[in-house]
Amino acid sequence: MMYKRFTFTLLTLVGLYNAPSFAQTSIKADDRTIAYLTQFRSDYSKRILEGKPEQLSAFYDDNIRLMVEFQKTMFGKSNVTAYHKALLTRFDTKSYSRENLEILDLGSMVVEYGIFNWKAILQKSGKEYDLSGKYQHVWKKLANGTLLLISEGWNYNERQDIADQLRFSDIPIVDVATQAHVPINTNISFELAALNRLQEATISEHDASIWSQFYADDAILYTQYHPMQKGRKAIGEYYMQHVKETPVFEKLDIRNDRIDESGIYVIEYASHIAIIRNGTFSGVFTGKDLAIWRREPNGSLKIFRHMAMYD
């Protein structure tokens, strides 16, 4: 009976979505877009080296969102600039570079993923740190063809023992994990809410085999503290190891606060609240992530690209 009910639910979810077409169209960016993002990447590195991040604000949407490791989400040009300024005031930059990995043209939006390397000296200790990681940018297309950056995020390849130095209490933040989620009043918000509920159970039960099934065969997971994982097979192997290190979840709540649809692709901004225990340790933690879901030819919705950042 349980199996029949679960099967019916999945069929219902698929049936709710009126897919336009499952034919895979090219998501390769055109030369103009590639040139623009190449120039921005160069300008970004230069401004970081010069300590002048305010000169990047012309590229930003007024409501730009910044999602970085160890700091809760920030919104708006002034707050994003203030975070960069605070970071570059606390650390002296020895070198900074970015390298593009892929640019995805999803129609109404363009998403870029890449890697960065920041060699920085913490002023108060004089100690040098090699802060390497992955970044993501989401750009929206205006009617005139201009791109505006609507969200930026990054995480680190390794655990950092200076997390407190990468956090700034005087920068206005929004604790997205405790805010209202997207109302469940459309087909896609309903479907994502259902998938997130299944994720909560899967992660809490440490079920790596089901966890990996959320991902497309050609998915890329830009995970924290580890190299990126390419393909569902690699992602499954990563989760098999990851669940062995995962604490007990007494409660896990996954919610989204923004959903952008672009053809067969869906960009979901999500967050989580996790109440955990590990031996005698217990605590409440939050984090955020951005996932690009793709409608597959069989109608299922799978994660195509995914990056997460802890608060």
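A search of the whole structure finds three cavities of 30 Å³ or more. The structure is a predicted model, and this report covers its cavities, its largest pocket, its salt bridges and the confidence of the prediction.

**Cavities**

The largest cavity holds about 100 Å³ of space. Its lining is made up of Tyr44, Ile48, His84, Leu87, Leu88, Tyr96, Arg98, Phe116, Trp118, Trp154 and Tyr156. Sorted by class, these are nine nonpolar residues, one polar residue and one charged residue. Helices α2 and α3 (77–90) and strands β3, β4 and β6 each supply at least two residues of this lining. The largest share, three residues, comes from α3.

The second largest cavity has a volume of about 80 Å³. The residues that line the second largest cavity are His181, Val182, Ile184, Ser189, Ala193, Asn196, Arg197, Ile254, Arg255 and Asn256. Two elements, α4 and β9, give two or more residues to this lining. Of these, α4 provides the largest share, with four residues. By class, the lining of the second largest cavity has four nonpolar, four polar and two charged residues.

**The largest pocket**

About 1,300 Å³ of space lies in the largest pocket. Its lining consists of 50 residues, and those closest to the centre of the pocket are Gln224, His242, Phe249, His272 and Tyr310. Elements that give two or more residues to this lining include the helices α4 (187–204) and α6 (232–242). Strands that do so are β2 (71–75), β7, β9 (248–262), β10 (265–278), β11 (281–295) and β12 (301–310). The largest share of the pocket lining, eight residues, comes from β11. By class, the lining has 28 nonpolar, 14 polar and eight charged residues.

Helix α4 and strand β9 therefore appear in two places: each gives two or more residues to the lining of the largest pocket, and each does so for the second largest cavity.

**Salt bridges**

The structure holds 24 salt bridges. Three of them are listed below, with the distance between the closest N and O atoms.

| Salt bridge | Closest N and O atoms |
|---|---|
| Arg41 and Glu112 | 2.9 Å |
| Arg98 and Glu152 | 3.0 Å |
| Lys119 and Asp130 | 3.1 Å |

Which elements does the pair of Arg41 and Glu112 link? Arg41 is in helix α2 (residues 31–50) and Glu112 is in strand β4 (residues 109–122), and the two residues are 71 residues apart. Arg41 has a relative accessible area of 13%, so it counts as buried. Glu112 is also buried, because its relative accessibility is 1%.

The second pair in the table joins two strands. Arg98 lies in strand β3 (residues 91–105) and Glu152 in strand β6 (residues 147–156), so this salt bridge ties together parts that are 54 residues apart in sequence. Is Arg98 buried or exposed? Arg98 is buried, with a relative accessible area of 11%. Glu152 counts as buried because its relative accessibility is 0%. Arg98 is also one of the residues that line the largest cavity.

The third pair links Lys119 in strand β4 with Asp130 in strand β5 (residues 128–141), eleven residues apart. Lys119 has a relative accessible area of 27%, so it is partly exposed. Asp130 is partly exposed as well, with a relative accessible area of 43%. Elsewhere, salt bridges that share partners join Lys72, Asp175, Lys288 and Asp311 into one network.

**Confidence of the prediction**

The mean pLDDT of the protein is 92, and 92% of its residues reach 70 or more. Which element has the lowest mean pLDDT, and which the highest? Helix α1 (residues 2–16) has the lowest, at 43, and strand β7 (residues 215–222) has the highest, at 98. Strand β7 is among the elements that give two or more residues to the lining of the largest pocket. Over residues 1–24, pLDDT stays under 50. For this stretch, the model has 20 contacts beyond four places in sequence.

Notes: Residues are numbered from 1 along each chain as its sequence is written. This is a predicted model: local features need pLDDT of at least 70, side-chain atom pairs count only at pLDDT 80 or more; totals for chains, interfaces and linings use all residues. Side-chain values use heavy atoms; hydrogens and water are left out. pLDDT is the predictor's confidence in each residue, from 0 to 100. Contact means heavy atoms within 4.5 Å. On a 1 Å grid over the protein atoms alone, a cavity is a set of points where a 1.4 Å probe fits but cannot get out, and a pocket is an open set with protein on both sides within 12 Å along at least five of seven lines; lining residues have an atom within 4 Å of a point. Grid points are joined across faces, edges and corners, and a volume is the space filled by probe spheres set on the points. Ala, Val, Leu, Ile, Met, Phe, Trp, Tyr, Cys and Pro count as nonpolar, Asp, Glu, Lys and Arg as charged, and the others, Gly among them, as polar. A salt bridge is a side-chain nitrogen of Lys or Arg within 4 Å of a carboxyl oxygen of Asp or Glu. Buried means under 20% relative accessible area, exposed over 50%, partly exposed in between (1.4 Å probe, protein chains only).
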